[in-house]
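Q: Hi, I've got a model open and would like to talk through some side-chain contacts. Could you walk me through them?

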Amino acid sequence: MNHPIASVSLALFTAFAGSAATLHAGTDVHVHIGLGPVITRPLPPPVVVVERPAPPRGYWKTVTVKEWVPGRWVITRSSRGREIRSFEPGYYSYRDERVWVNFDRDHNDRGHDGRGWDRDDRR
């Protein structure tokens, strides 16, 4: 057996075995140097970037709402069983309601809202 052919065959076999081990490894990287020891180094984990939405800009405000309750006829019975109709006039009812006040505006809007009105416009 010829010595140079045997060493080339051994080198090719080692390269083939090293590449097959690397392909089979998955996330591990194997480095084969000649016939020496095998050095194994796992790959770092992938970097995960999570984008969080910007928090809402604004605040809750409690607003008192004034509602008109229309008048109505009320039917009651007297002590003798007769129907008595009486009219209750209309009145205003007040209730508190929470409203979101939004702060999302561009810096160059100069006080205009989305409808083209400015702060001093009284429509």
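A: Happy to! Let's begin with a charged pair: Arg-95 forms a salt bridge with Glu-67, and the closest N and O atoms are 3.0 Å apart. A salt bridge here is a side-chain nitrogen of Lys or Arg within 4 Å of a carboxyl oxygen of Asp or Glu.

Q: Where in the chain do Arg-95 and Glu-67 sit?

A: Arg-95 is in strand β6 and Glu-67 in strand β3, so this pair links distant parts of the chain, 28 residues apart. Strands are DSSP runs (E, at least two residues), numbered from the N terminus.

Q: Before we go on, what kind of model is this, and how are the residues numbered?

A: This is a predicted model, where local features need pLDDT of at least 70, side-chain atom pairs count only at pLDDT 80 or more, and totals for chains, interfaces and linings use all residues. Residues are numbered from 1 along each chain as its sequence is written, and side-chain values use heavy atoms, with hydrogens and water left out.

Q: Thanks. Back to Arg-95: buried or exposed?

A: In between: Arg-95 is partly exposed, with a relative accessible area of 35%. Glu-67 is partly exposed too, at 34%. The cut-offs are under 20% relative accessible area for buried and over 50% for exposed, with partly exposed in between (1.4 Å probe, protein chains only).

Q: Which residues are linked with Arg-95 in a network?

A: Glu-67 and Glu-97: together with Arg-95 they are linked in a network of salt bridges.

Q: How many salt bridges are there in the whole structure?

A: A search of the whole structure finds four. One of the salt bridges joins the side chains of Arg-72 and Glu-88, at 3.1 Å from N to O. Arg-72 lies in strand β4 and Glu-88 in strand β5, so that pair ties together parts that are 16 residues apart in sequence.

Q: And how accessible are Arg-72 and Glu-88?

A: Arg-72 is exposed, with a relative accessible area of 51%. Glu-88 is partly exposed, at 33%.

Q: How do β4 and β5 pair?

A: In the antiparallel sense, over six bridges, with β4 covering residues 72–77 and β5 residues 83–88. For two strands to count as paired, DSSP has to find at least two bridges between them. Arg-72 stands opposite Glu-88 in β5, and the bridge partner of Trp-73 in β5 is Phe-87.

Q: What about the turn between β4 and β5?

A: The two strands form a hairpin with five residues between them, and Gly-81 in the turn has a positive phi of about 90 degrees. Arg-77 and Glu-83 also meet through their side chains in a salt bridge (3.4 Å, N to O). Arg-77 and Glu-83 are both exposed.

Q: What comes after β5? I'm looking at Pro-89.

A: Pro-89 is found in the loop between β5 and β6, which is residues 91–102. Pro-89 is exposed, with a relative accessible area of 56%. The C-alpha atoms of Pro-89 and Gly-71 are separated by 4.3 Å, although these residues are 18 apart along the chain.

Q: New topic: how many aromatic pairs are there?

A: The count comes to four. Rings of Phe, Tyr and Trp (its six-membered ring) pair if their centres lie within 6.5 Å; planes under 30 degrees apart are stacked, over 60 edge-to-face, and the rest tilted. One of the pairs is Trp-60 with Trp-100, which is edge-to-face, at 5.3 Å centre to centre and 70 degrees between the planes. Trp-60 is in strand β3 and Trp-100 in strand β6, 40 residues apart.

Q: Are those two tryptophans, Trp-60 and Trp-100, buried, or what are they?

A: Both are partly exposed: Trp-60 has a relative accessible area of 49%, and Trp-100 one of 34%. Another edge-to-face pair is Trp-68 with Tyr-92, at 5.0 Å centre to centre and 70 degrees between the planes. Trp-68 lies in strand β3 and Tyr-92 in strand β6, so the pair ties together parts that are 24 residues apart in sequence.

Q: Which charged residues lie over the faces of Tyr-92 and Trp-60?

A: Lys-66 lies over the face of Tyr-92, at 4.2 Å from the ring centre, and Arg-98 over the face of Trp-60, at 4.5 Å. That calls for NZ of Lys or CZ of Arg within 6 Å of the ring centre and within 35 degrees of the ring normal.

Notes:
Helices (H or I, at least four residues) and strands (E, at least two) are DSSP runs, numbered from the N terminus.
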